[in-house]
Amino acid sequence: MERKLKLIWDFRGPSGHQTALHHEIHLKEYISIKKLSLNLTGVQELSDVHSIAYMIVTDSEMKGVRDALKPHRGQLFEQ
């Protein structure tokens, strides 16, 4: 089974959560256009002024997605 990675975009400030929600829409569009093998995205509000948008990708798809979308960071995804 191939490793899964969580690519993360950070959004800060009072409008950070709304920006993260909007960014997730674009992540879903990208997944659909590129026909990626996983369709897992989400938004988390870490504090009043820090939210993240994320998508889960396979190890083999990570480099292409990373180079195209430039996430701020990434980590191993474990369910």
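Helices and strands are here DSSP runs, a helix being H or I over at least four residues and a strand E over at least two, numbered from the N terminus. In this predicted model, Lys-70 lies in the loop between α2 (59–69) and β4 (73–76), and the chain that holds this loop has two helices and four strands, which follow the pattern β-α-β-β-α-β when read along the sequence.

The overall dimensions agree with a compact globule, because a chain of 79 residues would then have a radius of gyration near 12 Å, and the chain has 12 Å. Along the principal axes, the C-alpha atoms fill a box of roughly 40 × 25 × 20 Å. Of the contacts between residues at least 6 apart in sequence, 66% join residues at least 24 apart, while 39% of the 79 residues count as buried. The chain exposes about 5100 Å², of which carbon and sulfur atoms supply 51%. As for charge, the mean positions of the 11 positive and 10 negative charges lie 5 Å apart.

Two lysines with positive phi are set out below.

| Residue | Phi | Loop | Relative accessibility |
|---|---|---|---|
| Lys-35 | near 55° | between α1 (16–34) and β2 (40–47) | 69% |
| Lys-70 | about 50° | between α2 (59–69) and β4 (73–76) | 60% |

Neither residue is a glycine, although phi is positive in Lys-35 and in Lys-70. Since exposed means over 50% relative accessible area, Lys-35 counts as exposed at 69%, and Lys-70, with 60%, is exposed as well.

Definitions and conventions: Residues numbered from 1 in each chain as written. Predicted model: local features only at pLDDT ≥ 70, side-chain atom pairs only at ≥ 80, totals over all residues. Heavy atoms only, no water. Rg over C-alpha atoms; globule rule 2.2 N^0.38 Å. Buried < 20%, exposed > 50% of the residue type's maximum accessible area, 1.4 Å probe, protein only. Contact = heavy atoms within 4.5 Å. Areas by Shrake-Rupley, 256 points an atom, 1.4 Å probe, with all protein chains shown as cover. Lys, Arg positive; Asp, Glu negative; His and termini not counted. Charge placed at Lys NZ, Arg CZ, Asp CG, Glu CD.
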